[in-house]
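Trainee: I am new to this one, and I would like to go through it with you. Could we look at it together?

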Amino acid sequence: MSATTPSPRRAIRDREVSETTPQAVGLNVCVLGGGSFGTAIASIAADNGASVTQWMRDASQAEEVNTRHRNSGYLPGFEINASVRATTDMADALAEAELVCVAIPSKAFRTVVRQARAHLREGQILVATTKGIESEGFTLMSEVLEQETGFTHIGVLSGPNLAAEIAQRQLTATVIASDDAYTRARVQTAFGCDYFRVYASNDRYGVELGGALKNIYAIAAGMAAALGMGENTRAMLMTRALAEMSRFAVAKGANPMTFLGLAGVGDLIVTCSSPLSRNYRVGYALGEGRTLDQAVEVLGQVAEGVNTVRLVQDESERLGIYMPLVSGMAKVLFENVDPHHMARALMGGEQSSDVEFVLSRESVQQARQLEPDGS
Ligand SMILES: NC(=O)C1=CN([C@@H]2O[C@H](COP(=O)(O)OP(=O)(O)OC[C@H]3O[C@@H](n4cnc5c(N)ncnc54)[C@H](O)[C@@H]3O)[C@@H](O)[C@H]2O)C=CC1
Ligand SMILES: O=C(CO)COP(=O)(O)O
C-alpha cells in the first residue's frame with residue numbers, strides 16, 4: 001500500500017466509526033496470542049475504550065506493535081489501535097486483567113494456559129477464541145481453561161469473524177457463549193461497539209463445536225472452488241455440512257438450534273466462501289494439486305481444520321455417527337484420494353432426509369406461547 005493510499009481500515013474508520021461513546025472504559029483486557037485473531041480482538045477492545053495488553057512470545061513483534069502499531073507478520077497493511085500495549089512478560093500482561101482472551105492455536109493452547117496459570121486469579125474471566133480441538137479426550141479449548149484453572153467465569157467467543165475484516169472495521173457480529181451470565185455481560189461490554197456486535201448464548205459446547213467443525217467444510221469448499229465447481233455445488237456442500245455438523249453436535253450433547261446462529265451457519269458461510277479463511281486456502285491449494293504438507297507450508301499460519309478432520313473422523317466412528325463429508329475429507333487429506341474422485345463418490349451416497357431436526361407440532365405451539373404477543 002502506498003503512503004498516499006489510505007489503508008482500508010482508515011477509510012472505514014473515517015466513514016463509519018466515529019463519535020460513539022466507548023463502552024469499555026475502565027475495563028482491563030489481556031489477550032494471550034500475537035497472531036491475526038489475537039491482534040484483531042485486542043484492537044476492538046482498545047477501540048472500545050478498554051485498557052488492553054497483548055501477550056506474545058516474539059519480542060520483535062511486540063516492539064513493532066508498541067512502536068509502529070502494526071503486526072506485519074500476521075495482519076500486514078493494517079494499523080492496530082495505538083493504545084494496545086504488547087509484552088512478552090506473562091506476569092506483566094495478566095497483572096491487571098479482568099478479562100483474559102486466549103487466542104493461541106489448539107496445539108499450544110494448554111501449554112500457554114499452564115504458563116499463565118501462576119499469574120491468574122479466581123474472579124478473572126477466561127475466554128477461549130480458538131476454533132480447534134485437543135487430540136487427547138476430544139477436548140475443546142474452554143474445557144482446557146476449566147481443567148487448568150477450575151475458574152467459574154469461562155466463555156467462548158466464536159462467529160463469522162475473519163481477522164483481516166475485523167482489522168478493517170468491517171461490520172461484524174460474534175457470539176459470547178457461557179452458562180455464566182456475568183461472563184456474557186462483561187464480554188459484551190468489552191467488545192460490543194458500533195462495528196462489532198456481540199450476541200449471547202448459553203450453549204457453550206454447541207458454539208465452540210460449531211467453530212471447530214466448520215473448518216472441515218471450509219477446506220472442502222476451497223477444494224471445490226479450485227476444481228472449478230459452481231455455486232450449486234457450494235450450496236449443496238454447505239447445507240449438507242450443516243446437517244452433518246448438527247447431527248454430530250447433537251450426539252455430543254449440543255443444542256441443534258445453536259447451529260442456526262452466527263457460530264454455526266454464520267461461520268460456515270464465511271469460511272466456505274472467503275479466501276481470507278486459512279482453511280479455505282488449504283483446501284484450494286489441495287484442489288490445485290498440492291500435497292497437504294505443501295498446502296500447509298505455503299499458508300504459514302494455523303489451519304485448525306486439518307487436525308479437526310482427523311479427530312472428528314475418529315470420534316464419529318467411535319460413536320457411530322454418519323458423516324460422509326468428514327470421511328471423504330479424511331480420505332483426501334490423509335490417504336491421497338483424488339478430490340474429484342471423492343466428490344463423485346459422495347454423489348453416490350445415501351440420499352437421506354433433507355432436514356433432520358423438524359420440530360414437532362407441540363414444540364411449535366410451545367414456541368408460539370413464548371413469543372411476546374403469542375402470535
Ligand atoms: N484468524 C482468524 O480470522 C480467526 C482465527 N480464530 C482462531 O484463533 C486461533 C488463533 O489463531 P490466529 O491468531 O488466527 O493464528 P495465527 O496463526 O495468526 O497466530 C498464531 C499465534 O499463536 C502464537 N503461538 C503459537 N504457538 C505458541 C506458543 N507455544 N506459545 C506462544 N505463542 C504461540 C504464534 O506465535 C502466533 O502469534 C485459531 O485457532 C483460530 O481458529 C478465530 C476466529 C478468526
Ligand atoms: O474462523 C474464522 C472466521 O470466522 C477464520 O477461519 P480460518 O481459521 O480458516 O482463517
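Trainee: How far is a polar side-chain atom of arginine 278 from an oxygen atom of ligand 1?
Mentor: Good place to begin! This is a predicted model, in which local features need pLDDT of at least 70 and side-chain atom pairs count only at pLDDT 80 or more, while totals for chains, interfaces and linings use all residues. Residues are numbered from 1 along each chain as its sequence is written, chains are lettered from A and ligands numbered from 1 in the order in which they are written, and side-chain values use heavy atoms, with hydrogens and water left out. For arginine 278, the distance to the ligand 1 oxygen is 3.0 Å.

Trainee: Which helix gives the most residues to the shell around ligand 1?
Mentor: The shell holds 23 residues, each with a heavy atom within 4 Å of the ligand. Helix 2 (36–47) and helix 5 (106–117) each supply at least two of them; helices here are DSSP runs (H or I, at least four residues) numbered from the N terminus. With 3 residues, the one that gives the most is helix 2.

Trainee: Which backbone N or O atom lies 3.0 Å from an oxygen atom of ligand 2?
Mentor: Two side chains also come into the picture for ligand 2. Aspartate 267 has a side-chain N or O atom 2.7 Å from a ligand 2 oxygen, and a polar side-chain atom of asparagine 279 lies 2.7 Å from one. The backbone atom at 3.0 Å belongs to glycine 159.

Trainee: How much of the accessible area of ligand 2 does the protein cover?
Mentor: On its own, ligand 2 has 310 Å² of accessible area, computed by the Shrake-Rupley method with a 1.4 Å probe. Helix 11 and helix 12 (278–287) give two or more residues each to its shell. The share covered by the protein is 92%.

Trainee: Is threonine 271 buried or exposed?
Mentor: Threonine 271 is found in helix 11 (residues 262–273) and is one of the residues around ligand 2. Leaving aside residues up to four places away in sequence, threonine 271 touches Lys214, Ala218, Ser277 and Tyr280, where a contact means heavy atoms within 4.5 Å. Buried means under 20% relative accessible area and exposed over 50%, with partly exposed in between (1.4 Å probe, protein chains only). Because its relative accessibility is 4%, threonine 271 counts as buried.

Trainee: What percentage of the chain's residues count as buried?
Mentor: Let's finish with the whole chain. Its carbon and sulfur atoms supply 50% of the roughly 17,100 Å² that the chain exposes. Among its 375 residues, the buried share is 53%.

Technical notes: Polar contact = N/O pair within 3.5 Å; in protein donor to acceptor, adjacent residues only side chain to side chain.
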